[in-house]
Amino acid sequence: MKVYGLVGRSGSGKSYHALDIARDLDVTCILDDGLLIFNGGIAAGFSAKFEPNRIAAVRRAVFHDALHRAQVQHVLQQIDPAACLILGTSRNMVLQICQALGLSSMQVSWLEFEDLVSLESIQYASSKRNQGMHSVPVRQTQIKGSGPLVSYMERMLHKLRVPVSGTVSETTPIVVRPIFASGSVFISKRAVRQCIELFMRHDTQNLRLKSLHLSADDAKFQLLVHAKWQPDIRAAALQVHQRLATYLRESLGLPYPHIDIQIVSLDPPESR
């Protein structure tokens, strides 16, 4: 697979012009802000535009999360495009994405965005960014609204979309106002800890939380628990694991929580 690296500063309009640039290069695959875009539509991934803050958005854009990375890798292998256009704010960012997705970084063809568009276009893009507007290189015609056949990501883009005036062409991208552009919600480590403790206290009767360890980035959770004796302790712990993962995703907005439950003590079975 041939790799093109499109490099330009944040807010310069890379995403807005990506479809045009990809068309000129005869490239059907684009990687931008955590999304894999194929033939102008979303093929896989999770957009950094939906993250609650800018730090999380950067991590999403470079495929830091293992499950997100594996999903995009799998679909990329299935598509097997002849070439791919990767957008980044620096060469180092593009190389990070290549490394994360297992793409060759030895023969990247570099494109400097400022050499491809006019200064007026860059200034216009910067003014829109100052208004909180961001582009996603997905065709306007690919977003059809809500419905059973429309993906979750497309529905989210539909909700965040900013109407665009004028003629819409095949390479007119979606313009959105990301969640983090309107401020952010920060959930402290203490609050996350308290939520997990309350969940374990009220949701399960067979496991009692003894200690809880959170990683520095609040993405990994290690629970040391005491268990009541039952015929299949492992199955009971797996059920708690699944319910806790659902709770963290739906209540705290953590898309891929890594949960490790360790049973460190056990009530003996009751004698008959």
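This passage walks through the overall make-up, the nonpolar cores and a few individual residues of a predicted model.

The fold of the protein comprises eight helices and 11 strands. Of its 272 residues, 45% are buried. Contacts that span long stretches of sequence are well represented: when residues at least 6 apart in sequence are considered, 70% of their contacts join residues at least 24 apart. The accessible surface amounts to about 15000 Å², and carbon and sulfur atoms account for 51% of that area.

A good place to begin looking inside is the largest nonpolar core, which holds 22 residues. Within this core, the residues that touch the most other members are L31, L36, I86 and I97. At least two core residues come from each of β1 (2-7), β2, α3, β5 (83-88) and α4 (91-101). Helix α4 is the leading contributor, with six residues. A second core, separate from this one, has 21 residues, among them I196, F199, A227 and L244.

The surroundings of L31 give a closer view of the largest core. Beyond its neighbours within four places in sequence, L31 contacts L36, F63, V72, C84, L85, I86, L87, I97, L101 and L103. Two of these partners, I86 and I97, are themselves listed with L31 and L36 as the residues touching the most other core members.

Helix α4 deserves a paragraph of its own. Its buried residues are M93, V94, I97, C98, A100 and L101. These residues lie on the same side of α4, because the arc they cover around the axis is only 165°. Such a pattern suits helical geometry in general: an α-helix has 3.6 residues a turn, so residues three or four places apart point the same way. The cover over the buried residues of α4 includes β1, β2, α2 (54-61), α3, β5 and β6 (109-112). Just after the helix comes G102, with a positive phi of about 70°.

The region around G102 also leads to R69, a residue of helix α3 (residues 66-79). Although 33 residues separate R69 and G102 in sequence, their C-alpha atoms are 9.9 Å apart in space. Not counting residues up to four places away in sequence, R69 touches F63, H64, A100 and L101; A100 and L101 are among the buried residues of α4. R69 itself is partly exposed, since its relative accessible area is 23%.

Elsewhere, helix α1 (residues 14-25) contains S15. With a relative accessibility of 13%, S15 falls below the 20% limit and therefore counts as buried. The side chain of S15 forms a polar contact of 2.7 Å with the side chain of D32.

Two loop residues round off the picture through their backbone angles. Most residues other than glycine have a negative phi. D33, which is not a glycine, nevertheless has a positive phi of about 55°. This residue sits in the loop between β2 (29-32) and β3 (35-38), and D33 is partly exposed at 21% relative accessibility. N39 likewise has a positive phi, near 55°, without being a glycine. N39 belongs to the loop between β3 and β4 (41-45), where its relative accessibility of 39% makes it partly exposed.

Terms used. Residues numbered from 1 in each chain as written. Predicted model: local features only at pLDDT ≥ 70, side-chain atom pairs only at ≥ 80, totals over all residues. Heavy atoms only, no water. Helix = DSSP H or I, 4+ residues; strand = E, 2+ residues; numbered from the N terminus. Buried < 20%, exposed > 50% of the residue type's maximum accessible area, 1.4 Å probe, protein only. Contact = heavy atoms within 4.5 Å. Polar contact = N/O pair within 3.5 Å; in protein donor to acceptor, adjacent residues only side chain to side chain. Core = buried A, V, L, I, M, F, W, Y, C linked by side-chain atoms within 4.5 Å. Areas by Shrake-Rupley, 256 points an atom, 1.4 Å probe, with all protein chains shown as cover. Arc of directions from axis to C-beta.
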